[in-house]
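These entries record what I looked up in one structure, topic by topic. I began with the aromatic rings, then turned to helix packing and to backbone angles.

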Amino acid sequence: MAAVLLVCTANICRSPMAEAIFKAKLGEVFKTIASAGVHADPRGGPVDARAAAALGRHNYSLDRKWRSRRVEPGQLGQYDLVLAMEADHVEALRSKAAPEHHTRILLLTDFVPELSGQDIPDPYFGPAQGFDAVIGMLERAAQRLLTESREGRLRLG
């Protein structure tokens, strides 16, 4: 069973929402599903209340003890797949990662043909509907990864 790390900027909106969705939908594909932020507060903090509310509206949840965390370069080798929300995150992660780990760091939307190459928008500065739209994008990516895995096309590591 594989391990996946989901990465956004501060690990308080997009990546924790992705973590909750992946845990609900991709438990048969990934033994370990975690999230982190490129610029997360090193002290850790709770998920954004609007992200938590959006997860609840879509019947997902995070563990009550969940705390944000920063990506540490040494951790990247522990994951078979590192999926970033933005192209800038991919670039930042690859600049920190050992060269042999670069191919496992990808843009999440590259698994969704109609979204390929696009960033998952950060809903932090927008209205609540932005969180729901992001959840829809994350669900499509999770479904596509599940299909790729079941059809033997998902290459890990």
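**Entry 1: aromatic rings**

I searched the predicted model for paired aromatic rings, and the count came to one aromatic pair. The partners are Y124 and F125, and their arrangement is edge-to-face. I noted 4.8 Å from centre to centre and 85° between the planes. The edge-to-face label follows because planes over 60 degrees apart are classed that way. I then looked up the accessibility of each partner. Y124 has 33% relative accessibility and therefore counts as partly exposed. F125 has 78% relative accessibility and so counts as exposed.

**Entry 2: α1 against α4**

I next looked up how helices pack. Two packed helices are described by the angle between their axes and the distance between the axes. Helix α1 spans residues 14-25 and helix α4 spans residues 128-150. Their axes are 9 Å apart, and the packing angle is about 40°. I therefore entered α1 and α4 as oblique to each other. Their crossing is right-handed.

Which residues make the contact? On the α1 side I listed R14, M17, A18, I21, F22 and K25. On the α4 side I listed F131, V134, I135, L138, E139, A142, L145 and L146. Sorted by class, this contact of α1 with α4 holds 11 nonpolar residues, no polar residues and three charged residues.

**Entry 3: α2 against α4**

I made the corresponding look-up for helix α2, residues 49-57. The axes of α2 and α4 come within 9 Å and cross at roughly 55°. This makes α2 oblique to α4, because the angle falls in neither the parallel, the antiparallel nor the perpendicular range. The crossing of α2 with α4 is right-handed.

From α2, the contact residues are R50, A51, A54, L55 and R57. They meet A128, F131, D132 and I135 of α4. By class I recorded six nonpolar, no polar and three charged residues for the contact of α2 with α4. F131 and I135 are also listed in the contact of α4 with α1.

**Entry 4: A54**

I singled out A54, which is found in helix α2. Is A54 buried or exposed? Its relative accessible area is 0%, so A54 is buried. Setting aside neighbours within four places in sequence, I found A54 in contact with F131, D132 and I135. These three are also on the α4 side of the α2 contact. I also looked up the separation of A54 from A133: the two are 79 residues apart in sequence. In space, their C-alpha atoms are 9.6 Å apart.

**Entry 5: positive phi angles**

Lastly, I looked up positive phi values in residues other than glycine. For N11, phi is near 60°. N11 is found in the loop between β1 (2-8) and α1. With a relative accessible area of 0%, N11 is therefore buried.

For N59, phi is positive at about 65°, and N59 is not a glycine. N59 lies in the loop between α2 and β3 (81-84). Its relative accessible area is 71%, so N59 is exposed. I closed the entry with the contrast between the two: N11 is buried, whereas N59 is exposed.

Terms used:
Residues are numbered from 1 along each chain as its sequence is written. This is a predicted model: local features need pLDDT of at least 70, side-chain atom pairs count only at pLDDT 80 or more; totals for chains, interfaces and linings use all residues. Side-chain values use heavy atoms; hydrogens and water are left out. Axes are lines fitted to C-alpha atoms, for helices over the stretch in contact, and angles run from 0 to 180 degrees between N-to-C directions. Helices (H or I, at least four residues) and strands (E, at least two) are DSSP runs, numbered from the N terminus. Angles under 35 degrees count as roughly parallel, over 145 as roughly antiparallel, 65 to 115 as roughly perpendicular and the rest as oblique. A crossing is left-handed if the near helix is turned anticlockwise from the far one by less than a right angle, and right-handed if clockwise. Contact means heavy atoms within 4.5 Å. Ala, Val, Leu, Ile, Met, Phe, Trp, Tyr, Cys and Pro count as nonpolar, Asp, Glu, Lys and Arg as charged, and the others, Gly among them, as polar. Rings of Phe, Tyr and Trp (its six-membered ring) pair if their centres lie within 6.5 Å; planes under 30 degrees apart count as stacked, over 60 as edge-to-face and the rest as tilted. Buried means under 20% relative accessible area, exposed over 50%, partly exposed in between (1.4 Å probe, protein chains only).
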